Amino acid sequence: MTMHQNSISLKSLHTFQLPYSASEVITIQKAEELEEIEGNYLVLGEGSNTIFTCDFARPVLRIALQHINVTETDDSFRLRIGAGVNWHQLVIYTLKHNMPGLENLALIPGSVGAAPVQNIGAYGVEVGEFIENVTAWDRIKRTWRVFDRDACAFAYRDSIFKRKPDQFVITEVSLTLPKEWQPQLSYGALAHVGKDASANEIMAAVIAVRNSKLPNPHEIPNAGSFFKNPEVTLKKFKSIQQRHPDVAHYQLANGNIKLAAGWLIDQLGLKGFQCGGAAVHRQQALVLINCEDADGDDVLTLARHVQQKVAAEFQVSLEPEVRLMNEQGLIEL
Ligand SMILES: Cc1cc2nc3c(=O)[nH]c(=O)nc-3n(C[C@H](O)[C@H](O)[C@H](O)COP(=O)(O)OP(=O)(O)OC[C@H]3O[C@@H](n4cnc5c(N)ncnc54)[C@H](O)[C@@H]3O)c2cc1C
C-alpha cells in the first residue's frame, strides 16, 4: 500500500547527510501503485549519488520492491530484480548462488533501480554490460515501457534515464549473467589478483581496495566521486602533458583521452581543503566530504572552488557526477 509521510528529514535518506527535509515522502510497495500517483515527485533510491543542498519542495518517491527472481538457460542466468534491492546485497546474492559476473561492482552503494541511471561502473566493468532490459513507468506518457540494452543508451556514467531525469521510474532491472565466466582483472588496482582467482576472491579484493581508498559514508558522510573523469582531445592532452609529464590518463577508443579528475585536484594541493563544514577528502581528492555539519552553501562553494582551480591550471572543466538538488530539482554547477 502506498505510504505518504509529510515533512520528513532527508538527512538519513542521502549519504552526504545534509540537514534538510522534504515536503512529502511517498513509498510504494507495488509497481502498479505508480499508476495512481500524480504530481511532480523526485525518485530517490538510497541517496548515495544525490545531495540535497536545501529543503526540497517536491514530494520524494521511494520504491520498496525487493524481489529477486532467477531463471536459467543452457548458457546464462537471468535475474529480474526489484528496484528497491540494495546493489551490494544483490552482488553478494549472485556470488553465493554461484552466478559470477558482478564481483568487480561489489560495494558500490545504492539501489538496483538507480544502477542503470548512471550506468554504475568500477574496476573496468559497467552494469550496462549485463543489462538485458529495464522496466520503467513513463510518467509523461503514463504507460509502462521495457528498454532493451540498446534503448538504455548506456555510456560512461550516463543513460537515457539520466538524460530524462523526471520521465522514467525504474521498477525492475533484468540482468543476464553468462555461465561462461571471464574474470576482469585489467584494472591496475586488481593487478595483484592471480589469473586463477575465483569470483569470490575477486570480490574480496575489490572490497579490500575500496575500503582502503574510499571513505565509508556511514562514518564520513560523502557521495563517492564528486566529479566525472573529464574527456579531452589528444591536442589538449599533449599540451597538459608538456607541463605535467606524469598526468594520469588513459586512451579512449574514439582517440580522445580520459583524465583522472582526482589526480588533477590532487596536483593543486586541494586535499584537505575546507569550505565551512565541507572538505576535499585527505586521502581521495575526488571525494568531497561532510566533515563538520556542512550546509548546502558549503558544498556548492567548495565544488565551485575546485572547478575554478582545475579550469585555471589545466583548462579542463569538471562536471559533477553527483546529482546536486536545490528546492525544485537539479542544479547545474
Ligand atoms: C562511497 C561511495 C562510492 C561510490 N562508488 C561508485 C562507483 O564505484 N561507481 C559508480 O558508478 N558509482 C559510485 N557511487 C555512486 C552511487 O553509488 C551510484 O550512483 C548508485 O547507483 C546510486 O544509487 P542510489 O540508489 O543511492 O541513487 P540515488 O542517489 O538515490 O539516485 C541517483 C539518481 O538516480 C535516480 N533514481 C534513483 N532510483 C531510481 C529509479 N528507481 N528510477 C528512476 N530513477 C531513479 C534519482 O532520481 C537520482 O537522479 C558511489 C557512491 C558512494 C557514496
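**Strands, rings and charges in a predicted model**

Lysine 258 is placed over the face of tyrosine 156, 3.3 Å from the ring centre. A second contact of this kind involves arginine 139, which lies over the face of tyrosine 41 at 3.7 Å from the ring centre. Both descriptions belong to a predicted model.

The residue number of lysine 258 leads to strand 16, which spans residues 257–259. Strand 16 belongs to an open sheet of three strands, ordered 14-16-15 and paired in the antiparallel sense. Strand 14 (231–232) and strand 15 (249–251) occupy the edges; each has a single partner strand, so one side of each is left without a neighbour in the sheet. Strand 15 and strand 16 run antiparallel and are joined by three bridges, and histidine 249 stands opposite leucine 259 in strand 16. Across strand 14, strand 15 and strand 16 lies helix 5 (residues 234–243), which runs at about 45° to strand 16.

Attention now turns to strand 12. This strand covers residues 168–178 and is mostly covered, with nine of its eleven residues buried. Which strands pair with strand 12 in the antiparallel sense? One is strand 7 (residues 76–82), joined to strand 12 by seven bridges; here arginine 78 stands opposite threonine 176. Another is strand 10 (residues 131–138), which also pairs with strand 12 over seven bridges, and within this pairing valine 134 has valine 173 as its bridge partner. In general, strands of a sheet pair through backbone hydrogen bonds, in either a parallel or an antiparallel arrangement.

Strand 12 also takes part in an aromatic contact. The whole structure holds eight aromatic pairs. One of them joins phenylalanine 147 and phenylalanine 168: the ring centres are 4.9 Å apart and the planes meet at 75°, so the pair is edge-to-face. The assignment follows because planes over 60 degrees apart count as edge-to-face. Phenylalanine 147 lies in strand 11 (residues 143–148) and phenylalanine 168 in strand 12, so the pair ties together parts that are 21 residues apart in sequence.

Are these two phenylalanines buried or exposed? Phenylalanine 147 has a relative accessible area of 3% and is buried. Phenylalanine 168, at 8% relative accessibility, counts as buried as well. Both assignments hold because buried means under 20% relative accessible area. The two rings do not stand alone, for Phe147, Phe161 and Phe168 form one aromatic cluster.

Note on methods. Residues numbered from 1 in each chain as written. Predicted model: local features only at pLDDT ≥ 70, side-chain atom pairs only at ≥ 80, totals over all residues. Heavy atoms only, no water. Buried < 20%, exposed > 50% of the residue type's maximum accessible area, 1.4 Å probe, protein only. Helix = DSSP H or I, 4+ residues; strand = E, 2+ residues; numbered from the N terminus. Pairing = 2+ DSSP bridges. Phe/Tyr/Trp six-rings, centres within 6.5 Å; stacked < 30°, edge-to-face > 60°. Lys NZ or Arg CZ within 6 Å of the ring centre and 35° of its normal. Contact = heavy atoms within 4.5 Å. Axes fitted to C-alpha atoms, helices over the stretch in contact; angles between N-to-C directions.
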